[in-house]
Every structure is written in C-alpha cells, then in structure tokens.
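Please consider how terms for charged side-chain pairs are justified by numbers.

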Amino acid sequence: MNESTPRLEVRGLQVSYGSTPVVHGVSFAVPAGSVVGVVGESGSGKTTVARVIAGELDPTAGAVMLDGSALGHRTRELRRAIQVVYQDPFSSLNPRMTVSQVLSELLRVHKMVPRARVRDRCVELMELVRLPVSVLDAYPRQLSGGQRQRVAIARALVLSPRVLVADEPTSALDVSVQRTVLDLLADLQRTLGLTVVLITHDLAVVHRLCDRVVVMRAGEVVEDAPAQEFFAGPRTAYARDLLDAAPRLTTTARTGSTGSTARTAAPR
Ligand SMILES: Nc1ncnc2c1ncn2[C@@H]1O[C@H](COP(=O)(O)OP(=O)(O)O)[C@@H](O)[C@H]1O
Ligand SMILES: [Mg+2]
C-alpha cells in the first residue's frame with residue numbers, strides 16, 4: 001500500500017439476483033478522506049453495489065478492495081471497517097433496544113472503549129450527531145425520522161469505520177429535515193476526515209458534498225469524473241439529463257460558484 005492506494009476500490013463488480021445479472025462490471029475508487037457520489041436513476045444498481053461493498057451480498061465476479069487488500073471473508077475487524085447508513089434507519093436499528101443499548105452493545109462487542117467508558121462514549125456520540133442525551137433512553141419508534149437517521153449515523157460512526165457508505169441517507173426525510181442531516185454529514189466528514197461513498201439521486205447533495213461523481217446506468221458506470229468537471233459539463237447525454245432535472249443547480253453550478261449555491265437548488 002502506498003499513498004496512491006485508494007481507501008476503497010471496487011473492481012469489475014458483477015452481481016446477479018438469482019439468474020438475473022443486474023450489475024455488469026462496475027469499477028471505481030475512493031481515495032481516503034474523500035467523498036464519492038454515486039448517482040443514477042432508480043434501478044441502476046446503486047444499492048446493489050452498496051450491499052456488495054458492505055459485505056451483505058457476494059458479487060459473481062470482481063472484488064472490493066480496502067486499502068489495497070481484496071475483501072473476502074469478513075472478519076469482525078473488516079465488518080467494522082465498512083459501515084452503512086441506509087435510507088430507512090429502521091432497518092439498522094433493533095426496535096426492541098433503546099439507543100443506549102444499541103450503541104453500548106456495539107462498543108462492548110467490538111471492544112471500542114473500556115467497559116467503564118461505555119456510557120460516556122454514548123453521551124459523546126449524541127453530542128457528535130447533535131442529539132439530546134435523553135435520546136439514549138428512547139426506542140427507535142419514539143424518535144422522529146431525522147433523529148432516527150442521526151442515531152443511525154452515530155451507530156455507524158461508533159465503530160470508527162474506514163469507509164462510510166450512505167445510501168440515500170436523507171431521501172426518506174421531510175425536506176426541512178434533509179438539510180440538517182446533510183449539514184451534519186458534511187461537518188462530520190470534514191472534522192473526522194471520513195471516507196464516504198454517498199449514494200443519492202439528488203444532484204444538489206452531490207454538488208454540496210462530493211469530490212467525485214460516479215454515474216450509474218443499468219448496472220454500469222457511464223461516467224466517473226471530479227465533481228467540478230462533472231458539474232461544469234457532463235460527458236454523457238444521460239448525465240446531462242440528470243443534471244437538467246435539477247435546473248437551478250445546473251445554472252448556479254455552471255457559473256463556477258461552490259457550496260452555498262447548492263442551498264438554492266430545488267429540494268426534491
Ligand atoms: N433483492 C432483489 N431481488 C431481485 N432483484 C433485485 C433485488 N434488489 C434489487 N433488484 C433489482 O436489481 C436492479 C438494481 O436495483 P438497485 O440496486 O436497488 O438499484 P438502485 O439502488 O439504483 O435503485 C433493479 O432492476 C432491481 O429491480
Ligand atoms: Mg437504491
């Protein structure tokens with residue numbers, strides 16, 4: 001491994017559900033500390049790729065490389081190394097466990113802190129994701145959608161992963177809440193230097209957070225470019241269509257301004 005070895009790389013991934021191939025040789029790389037956005041229409045294979053990265057699904061061909069090593073059997077350490085935040089935070093939270101129980105169990109099983117420090121670490125995690133400490137004693141159903149997604153983020157970060165995969169992390173939230181959760185993700189990425197694969201159909205999100213954009217269509221990568229280049233002028237007609245679906249973003253992005261302009265993009 002040297003400095004140019006990407007933190008995460010997928011190489012030639014092919015994936016089938018039963019006998020139906022849905023991902024046909026997907027490759028892209030994610031340098032350490034960067035955010036790569038994976039975009040594309042519904043059904044293009046984004047979640048399938050995320051599940052392979054997470055080790056939940058085996059590819060029929062290709063490999064997932066973490067810091068230069070191909071991931072085969074996932075040891076506990078490797079399962080810890082890649083964490084996923086899903087669109088529906090319920091899927092990663094046990095309804096019968098309080099937030100404190102969920103986080104404490106992970107901290108203990110993975111021996112992240114000495115036992116005596118578990119409670120303190122849970123409190124720190126609430127501060128990290130900007131939730132009141134009282135949330136620790138709540139069950140998932142007692143929380144709002146935004147709170148639940150913050151807990152899911154805390155749950156992913158509790159294990160200090162080498163890669164965070166976020167699959168449409170704000171799509172199920174009210175528009176007003178989406179922004180605050182994205183703000184949180186952006187801040188955490190910067191302050192913790194997280195390496196992130198951010199799957200989204202929302203180009204305003206990509207514009208705001210991503211260093212690089214990978215465009216998927218029908219199970220293939222049709223474009224892979226630095227975000228600046230992508231927003232200045234995507235190469236494929238398909239990507240241009242995606243951009244045109246976010247017209248205000250397109251015009252502001254093309255004037256060359258950054259960051260704050262994404263805030264004016266129409267949330268969908
Ligand atoms: N569990 C599954 N069983 C069978 N087919 C699936 C399953 N999950 C997804 N698919 C199919 O695989 C393709 C890619 O889906 P998915 O990865 O969910 O795309 P995206 O996340 O980009 O919307 C779609 O055609 C979808 O219908
Ligand atoms: Mg999906």
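The questions below concern salt bridges and accessibility.

This is a predicted model, in which local features need pLDDT of at least 70, side-chain atom pairs count only at pLDDT 80 or more, and totals for chains, interfaces and linings use all residues. Residues are numbered from 1 along each chain as its sequence is written, and side-chain values use heavy atoms, with hydrogens and water left out.

Q: Why is the contact between R7 and D67 called a salt bridge?
A: A salt bridge requires a side-chain nitrogen of Lys or Arg within 4 Å of a carboxyl oxygen of Asp or Glu. The N to O distance between R7 and D67 is 2.7 Å, so the pair qualifies. R7 belongs to the segment before β1 (8-17), whereas D67 lies in the loop between β4 (61-66) and β5 (69-70), 60 residues apart; strands are DSSP runs of E, at least two residues, and helices are runs of H or I, at least four.

Q: Why is D67 called buried?
A: Buried means under 20% relative accessible area, exposed over 50%, and partly exposed in between (1.4 Å probe, protein chains only). D67 has 12%, and is therefore buried.

Q: What makes R7 partly exposed?
A: The relative accessibility of R7 is 21%, so R7 falls in the partly exposed range.

Q: How do you know that R130 and D187 form a salt bridge?
A: Their side chains meet at 2.5 Å, N to O, which satisfies the distance criterion. R130 lies in the loop between α4 (118-128) and α5 (145-157) and D187 in helix α6 (residues 175-192), so the pair ties together parts 57 residues apart in sequence.

Terms used:
Chains lettered and ligands numbered in written order.
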